Amino acid sequence: MTDQAAFQRARSAQAKQARETAILDAARDLAGRRGIREVTLTDIAAEVGMHKSALLRYFETREQIFLDLTAEGWREWSAALCADLAQHEQAAPAVVADAFAATLSARPMFCDLLAQAPLNLERNVSTEAVRAFKLVTLEEVARIGGELHRLLDLTEAQAVDTLATATSMAGALWQMATPGPLLRQLYTSDPRLGHALVEVEPRLRRVLTALLIGLRAGTP
């Protein structure tokens, strides 16, 4: 936990940036341990040694903190995915789908954020915060789209459809794969309900492979 007195003394722009970074780090750590839905603004403030009212001088809401982490997640995932795809001079749809599935499933908190962003994060911040977030995603979508065009000759619209499918499914599948202890016990105790527990990576790989094969077949 960060020392509260240090936060009270800080006045410079550099100190402000340090506070914001500490808040984001605390939220990231708490969400990684508990899940995003279980982390409150009070929890984050306590983790960094601040009162909740002081924390609100740096972020307008709890949702803005996690929306900023979602933008960070987009940049990090895009860099990893593009680095993977850049290793190939050409690639079959299954290879590209595997890269998507592997890099997304390796980032469980990002998958959780992908589900939470449209449901509540974007709805509880200012329009300017949403604009800033959307501009980040647009930049990363364009970067990944360039790789999809190079490898599979997808159009811009097809690349956007692929990314929308991959990220929305990753968010939804992650929620299904992490139902909580009581529901997990139910699903594992009754063989009829075993299908409710899904594995993110193989399901995502199968769906994206089929999608990319279909998109290539339909490209003039």
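This section describes the aromatic pairs, the largest pocket, one helix and the salt bridges of a predicted model.

Four aromatic pairs are found in the model. In one of them, Trp74 and Trp77 meet edge-to-face, with 5.6 Å between the ring centres and 70° between the planes. Both residues belong to helix α5 (residues 62-85), and because they are three residues apart, about one helical turn separates them. Trp74 is buried, at 7% relative accessibility, and Trp77 is buried as well, at 0%. Trp77 also pairs with Phe110; here the centres are 5.9 Å apart and the planes stand at 40°, so the arrangement is tilted. As Trp77 is part of helix α5 and Phe110 part of helix α7 (residues 108-121), this pair ties together parts that are 33 residues apart in sequence. Phe110 has a relative accessible area of 5% and is therefore buried, the cut-off being under 20%. Through ring pairs, Trp74, Trp77, Phe100 and Phe110 are joined into a cluster.

Trp74 recurs in the lining of the largest pocket. This pocket holds about 340 Å³ of space. It is lined by 16 residues, of which Trp74, Lys134, Thr137, Ala164 and Thr167 are the closest to its centre. Helices α5, α7, α8 (127-152) and α9 (156-177) each contribute at least two residues to the lining. Ten of the lining residues are nonpolar, four are polar and two are charged.

Helix α2 (residues 13-34) comprises 22 residues. From its first C-alpha to its last, α2 reaches 32 Å, close to the 32 Å expected at 1.5 Å a residue. The buried residues of α2 include the alanines Ala15, Ala22, Ala26, Ala27 and Ala31. Ile23, Leu24 and Leu30 are also buried, as are Arg19 and Glu20. After α2 comes Gly35, which has a positive phi, near 95°.

Side chains of opposite charge can pair when their charged atoms come close. The structure contains 16 salt bridges. One of them joins Asp98 to Arg205, with 2.8 Å between the closest N and O atoms. Since Asp98 is located in helix α6 (residues 93-105) and Arg205 in helix α11, the pair ties together parts that are 107 residues apart in sequence. Both partners are partly exposed, Asp98 at 33% relative accessibility and Arg205 at 26%. Arg206 likewise lies in helix α11 (residues 200-218), but at 53% relative accessibility it counts as exposed. The C-alpha atom of Arg206 is 20 Å from that of Trp77, a residue 129 positions away along the chain.

Helix α8 carries salt bridges between Glu139 and Arg143 and between Glu147 and Arg150. The N to O distance is 3.6 Å for Glu139 and Arg143. These two residues are four apart in α8, which means that about one helical turn lies between them. Glu139 is partly exposed, with a relative accessible area of 48%, and Arg143 is partly exposed at 41%. For Glu147 and Arg150 the N to O distance is 2.7 Å. They are three residues apart, again about one turn of α8. Glu147 is buried at 16% relative accessibility, whereas Arg150 is partly exposed at 38%. Elsewhere, salt bridges link Asp25, Arg28 and Glu72 in a network.

Terms used:
Residues numbered from 1 in each chain as written. Predicted model: local features only at pLDDT ≥ 70, side-chain atom pairs only at ≥ 80, totals over all residues. Heavy atoms only, no water. Buried < 20%, exposed > 50% of the residue type's maximum accessible area, 1.4 Å probe, protein only. Phe/Tyr/Trp six-rings, centres within 6.5 Å; stacked < 30°, edge-to-face > 60°. 1 Å grid on protein atoms, 1.4 Å probe; cavity = no way out; pocket = protein on both sides within 12 Å on 5 of 7 lines; lining within 4 Å. Points joined across faces, edges and corners; volume = space filled by probe spheres on them. Nonpolar A, V, L, I, M, F, W, Y, C, P; charged D, E, K, R; others polar. Expected span 1.5 Å × (residues − 1). Salt bridge = Lys/Arg side-chain N within 4 Å of Asp/Glu carboxyl O.
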